[in-house]
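Please open the model in your viewer and follow the stops below in order. Each stop names a selection and then describes what is found there.

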Amino acid sequence: MSQTIYEKNLEALIGIDPLLGSALFSIRENSQFEVFQGKDPIDINIIDIQTHAYLYANPINDLEHHVSSIEERFSRHCVLFFYGIGSGLMYKLLSANSVHKHIVIFEPELELIYIALNLVDISEALTSEQIIIQYTKTLSFAHAIKLVYKADIKPYVRLYDLHLHALFYERYEDDIHATNQLLIRAFKQMVVSHGNDTKDALIGIEQHLYNFPFMLQNYTLDSVLKSPKNSHAVIISTGPSLHKQLPLLKEYAPYMRLICIDASLPILQAHGIIPDVVVSMERVELTSQFFKTLLPEVLEHTLFVVSSLTHPKTIQNLAHAKVALAMRPLAYMRYFEMPQFGYVGSGMSAANLGFQMAYLMKHKNIILIGQDLAYAKDGKSHAKGHIFSEEEIKQSPHDLFVTGYGGGDVVKTTFVWDMFRNFFEKDIEFTNKHSIQTYNCTQGGARIHGAIEKDFKQVLEEIVCKKSPKKALKPKRIKQNQYLSLLAFAYQKTQEMITFGMTFKEEIEALFTMLMHTMEQYEKTSLAEVDFEELLELTLRIDAIKETVEGLEFSKMYLDTVQSFVYHQELELAKIVVENVETNEQKKEKLMRWLVAHKYWLFSLAGGIEAQLLALTRGRTPLMQECRKWRLI
């Protein structure tokens, strides 16, 4: 028995979006909307039974006009965003244009999705994700992030526009606004995650390599995560609200895992609170100040989980402490293939790292305190006792206003703090699916969506048992023979990275020289004299370079350095890609502008690789010295 249109569509949808597919199983027939089918196959209209509002004024004319209008303006656009699924026919027609890699549809009514999937066979487009349907009532920030990170969507962020399917959908004004704001927030987060400062990436690479011997000599992250479990963890940050929580924290400290960020350590020491874990992930020397004075109890009891790209001064200050240098989930760190020392710290703050440590250590309840992510009412940015200043971060005209804790007033925050909040919300949504409860007991600052807002005392009384003291962590080091093996392997991988970079840089520079010479020649001629085939050949050579850049080998070794300027230039190149051209002259002109734009792209790419080669050469010194000490090279 052959499948119905709906069965084919549902099967395809479940393979891509099981949650939406499962939600559609609850609908057996449409009850809120009624479908009218005319003699013409595209003469389909839908009416809201309660309001008697029709989806289309004239189904055939509306459909033909909308499709022709979209294709006239956006035929070269790889990504299109629409609010409203309607009858689904428009998207079936638009999907015939293979240039449209993704047609993303946001729909507020589950029943209209059900109707559209009964009317039009789009199963192939759903399977390939050429058509992506998002039900807005379940749309979250995590969903939006996953969507905008798709390879064929990322380059077109600056071309984003949310098109209204039909005037019928104007009644969903609030939902349209919320959807649009959520997407803009996700796009901003995605752009920021690519970085805007290559210098930071280079410092991180050099210091990561410099710290390699120290990392291998100390505790493995893997052994930390496998240490005896405890049901509850509290993440201690340095927001202005922290001070009021310290007495309760001290009282309950023996019964729950205390994970504090680096800046919180001096405050806790001053109040006689000894954390189990201190997390740190900054590259800058200033962070080392938090570890300048460590109490004997801290040296004996506390484990420091520090990113392997930390400043060498931090390593010096922690020379007598228990340390696990942890690799972050960055491509160049994964390239060294030592999972026992990684990979954690995908967020932007030490508190994000602390939260990830908490759920990787399998705590069932995670409590946040001092996680204000906003200025206090008196303008202070940090807790009382912060070693730099309670007003370390000054208010700025560029600050943002977000929903406050408890959902009442709005509070003032910074762009950076808001990015931290975004990472929290993404991680909390992930942990919720794994039955991990997150309690925001900050009792102030910005609201973190997904966390349960509750009084700190009440949460402790409800979930923490004072008859069950926590068990001590039991981190381990690798054995001496493993150390030597990994040391030699790290040096080998470093040399391979250097050899690859030098070879590829020469290839890029050769093409850059060729491109410069050709463009200089054509600057002296008319457009009619331009050899289209020669331009096409240069384009193919650039495509070959891009293929290497997008390949796994380059991505592992060099992408973290070059991704900031490569990605930001790709955003500009996308504007040229989507231009409609008809005549041969227009095609030549577009191709010329495409090649001119790639001059700087190639120059930047070669420069980024050269900068990383210098960082690698400087950073490998301790690794070389240690290898020579053991006669490994």
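The second largest cavity of this predicted model has a volume of about 30 Å³. To display its lining, select Val-224, Leu-225, Ser-227, Pro-228, Lys-229, Asn-230, Arg-257, Met-361 and His-363. By class, these residues comprise four nonpolar, three polar and two charged.

Next, select Ile-42, Ile-44, Tyr-56, Pro-59, Leu-63, Ser-87 and Leu-89, which line the largest cavity. About 40 Å³ of space lies within the largest cavity, and its lining consists of six nonpolar residues and one polar residue, with no charged residue. In total, the structure holds two cavities of 30 Å³ or more.

From the cavities, proceed to the sheet. Select strands E5, E4, E3 and E6, which form an open sheet in that order with parallel pairing. Strand E5 (131-135) and strand E6 (162-164) are the edge strands, each pairing on one side only. From one strand to the next, the twist averages 25°. Now restrict the view to E3 (residues 79-83) and E6: the two strands run parallel and are joined by three bridges. Which residue of E6 is the bridge partner of Tyr-83? The partner is Leu-164.

Add helix H8 (residues 173-193) to the selection. H8 lies across E3, strand E4 (102-107) and E6, and runs at about 150° to E3.

Keep H8 displayed for the next stop, the second largest pocket, to whose lining H8 gives the most, with nine residues. Strand E13 (400-403) and helix H18 (415-432) should be shown as well, since H8, E13 and H18 are the elements that give two or more residues to this lining. The second largest pocket has a volume of about 680 Å³. Of its 27 lining residues, Gln-181, Leu-182, Arg-185, Asp-418 and Arg-421 lie nearest the centre. The lining as a whole has 11 nonpolar, eight polar and eight charged residues.

For the final stop, select helix H9 (residues 198-210) and helix H22 (residues 552-577). Their axes come within 8 Å and cross at roughly 180°; H9 and H22 are therefore roughly antiparallel to each other. To inspect the contact, show the side chains of Thr-198, Ala-201, Leu-202 and Ile-205 in H9, which meet Asp-560, Thr-561, Ser-564 and Phe-565 in H22. By class, the contact has four nonpolar, three polar and one charged residues.

Terms used:
Residues numbered from 1 in each chain as written. Predicted model: local features only at pLDDT ≥ 70, side-chain atom pairs only at ≥ 80, totals over all residues. Heavy atoms only, no water. Pairing = 2+ DSSP bridges. Helix = DSSP H or I, 4+ residues; strand = E, 2+ residues; numbered from the N terminus. Axes fitted to C-alpha atoms, helices over the stretch in contact; angles between N-to-C directions. Contact = heavy atoms within 4.5 Å. Parallel < 35°, antiparallel > 145°, perpendicular 65-115°, else oblique. Nonpolar A, V, L, I, M, F, W, Y, C, P; charged D, E, K, R; others polar. 1 Å grid on protein atoms, 1.4 Å probe; cavity = no way out; pocket = protein on both sides within 12 Å on 5 of 7 lines; lining within 4 Å. Points joined across faces, edges and corners; volume = space filled by probe spheres on them.
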